[in-house]
Amino acid sequence: MPYPIEHKLVIGIASSALFDLTASHQVYLEHGAEAYRKYQEAQLSTVLDKGVAFPFIRRFLNINKFHPQSAPVEVVLFSRNSPETGLRVMNSIAHYGLDISRACFLTGESPYRYLPAFNTSLFLSANEEDVKRALAAQYPAGLVLPSRTEDDETDGELRIAFDFDGVIADDESETIFKRNNDVSEFHAHETERVAIPHQPGPLADLFRKLSLMQQLEEDAQRADPAYKKILRIAIITARSAPSHERVVTTLKSWGVSANETFFLGGMEKARVLGIFKPHMFFDDQLSHLQSPAGNIPMVHIPFGIANR
């Protein structure tokens, strides 16, 4: 009997994030829906190239391979395709051996309304409209930005990096800073509220559930010292002392933590990202989502004051 989906950490993925659909989308834009349908049918046996989110999803699904009894994670495909035009996507999923069995095909409609039906803690898409609609409905979602796809199959670790304000936490403090762009005012506000945890941000539920996955790995390593952990999480924030304390207060109140936490004080995040090499980095500000080498998968969370 399948493990109940409401007990799993579920990521929803659009085909536009999982695979490179550049050529297919161009056919749709230039020639319309009927030409797109015929193109996909003609290309049915041609495997799609890996997209920006592919390395992240492949490693995420590997968690189940190390915990087969509980199978604690799942990926669900959400697609604007019809089932007929989506066959090429499903064939490509099978080709790459991805354990994705559940799918929604909405025939041109945005899939965001169905995210809660699948207990989705994150929806990844390259369609900005779908992501904004999901966030407006208070569902967790991120816009996958174009980058060079690198998938080192000898590297079994899954590394995920998060900004803090506007991503894990709400945008309360960011609103204070942007009111006058005054760092001193921001620090004073955070110092005054150092003992008051932040309200959850759009990816708080995801972060909490990833922490449960880390606990699962801790238990596995205690039972078997040879067990090699898969998951590594970092928080990379522009904050610095003294505003760092409220971050610690918030995470402690939620009973969660990160493996690595960086308070950069406005330093370029790419300097740390280039070393940590995440398979996905989530930030609410596009100005932080830049990599000189163009090889770090970036996800924009268009939430809160930074995106108004």
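Is the crossing of H7 and H8 left-handed or right-handed? In this predicted model, the crossing of H7 and H8 is right-handed. Helix H7 spans residues 172-180 and helix H8 spans residues 183-192; the two pack at an angle of about 150 degrees, with their axes 8 Å apart. Because angles over 145 degrees count as roughly antiparallel, H7 is roughly antiparallel to H8. On the H7 side, the contact is formed by Glu172, Ser173, Ile176, Phe177, Arg179 and Asn180. H8 contributes Val183, Glu185, Phe186, His189 and Glu190. Sorted by class, the contact of H7 with H8 comprises four nonpolar, three polar and four charged residues.

The strands were examined next. Ten strands form an open sheet with mixed pairing, in the order E3-E2-E1-E4-E5-E10-E9-E6-E7-E8. E3 and strand E8 (260-263) are the edge strands, each pairing on one side only. From one strand to the next, the twist averages 25 degrees. In general, the strands of a sheet pair through backbone hydrogen bonds, in either a parallel or an antiparallel sense.

Strand E2 (residues 73-79) is largely enclosed by the rest of the structure, because seven of its seven residues are buried. Burial applies to both faces of E2: Val73, Val75, Leu77 and Ser79 are buried on one side, and Glu74, Val76 and Phe78 are buried on the other. E2 pairs with strand E1 (residues 9-14) in the parallel sense over six bridges. Within E2, Val75 stands opposite Ile11. E2 is also joined to strand E3 (residues 102-105) by four bridges, and these two strands run parallel. Here Val76 stands opposite Arg102 of E3, while Leu77 has Ala103 of E3 as its bridge partner. Both Val76 and Leu77 thus belong to the buried residues of E2.

Strand E7 (231-237) is likewise described by its burial and its pairing. Six of the seven residues of E7 are buried, so E7 is largely enclosed by the rest of the structure. Five bridges link E7 to E6, and the two strands run parallel. Ile233 in E7 stands opposite Ile160. E7 also pairs with E8, in the parallel sense and over four bridges. In this pairing, Thr237 stands opposite Phe263 in E8.

Two helices were examined in relation to the sheet. Helix H4 (residues 54-66) lies across E1, E2, strand E4 (120-125), strand E6 (158-162) and strand E9 (280-283). The direction of H4 is at about 140 degrees to E2. Helix H9 (residues 204-223) packs on the sheet, where it touches E1, E2, E4, E6 and E7. The direction of H9 makes about 140 degrees with that of E7.

Arg222 is one of the residues that lie in helix H9. With a relative accessibility of 58%, Arg222 counts as exposed, because the cut-off for exposed residues is over 50%. Arg222 is separated from Val248 by 26 residues in sequence, and the C-alpha atoms of the two residues are 26 Å apart in space.

Conventions: Residues are numbered from 1 along each chain as its sequence is written. This is a predicted model: local features need pLDDT of at least 70, side-chain atom pairs count only at pLDDT 80 or more; totals for chains, interfaces and linings use all residues. Side-chain values use heavy atoms; hydrogens and water are left out. Axes are lines fitted to C-alpha atoms, for helices over the stretch in contact, and angles run from 0 to 180 degrees between N-to-C directions. Angles under 35 degrees count as roughly parallel, over 145 as roughly antiparallel, 65 to 115 as roughly perpendicular and the rest as oblique. A crossing is left-handed if the near helix is turned anticlockwise from the far one by less than a right angle, and right-handed if clockwise. Contact means heavy atoms within 4.5 Å. Ala, Val, Leu, Ile, Met, Phe, Trp, Tyr, Cys and Pro count as nonpolar, Asp, Glu, Lys and Arg as charged, and the others, Gly among them, as polar. Buried means under 20% relative accessible area, exposed over 50%, partly exposed in between (1.4 Å probe, protein chains only). Two strands pair if DSSP finds at least two bridges between them.
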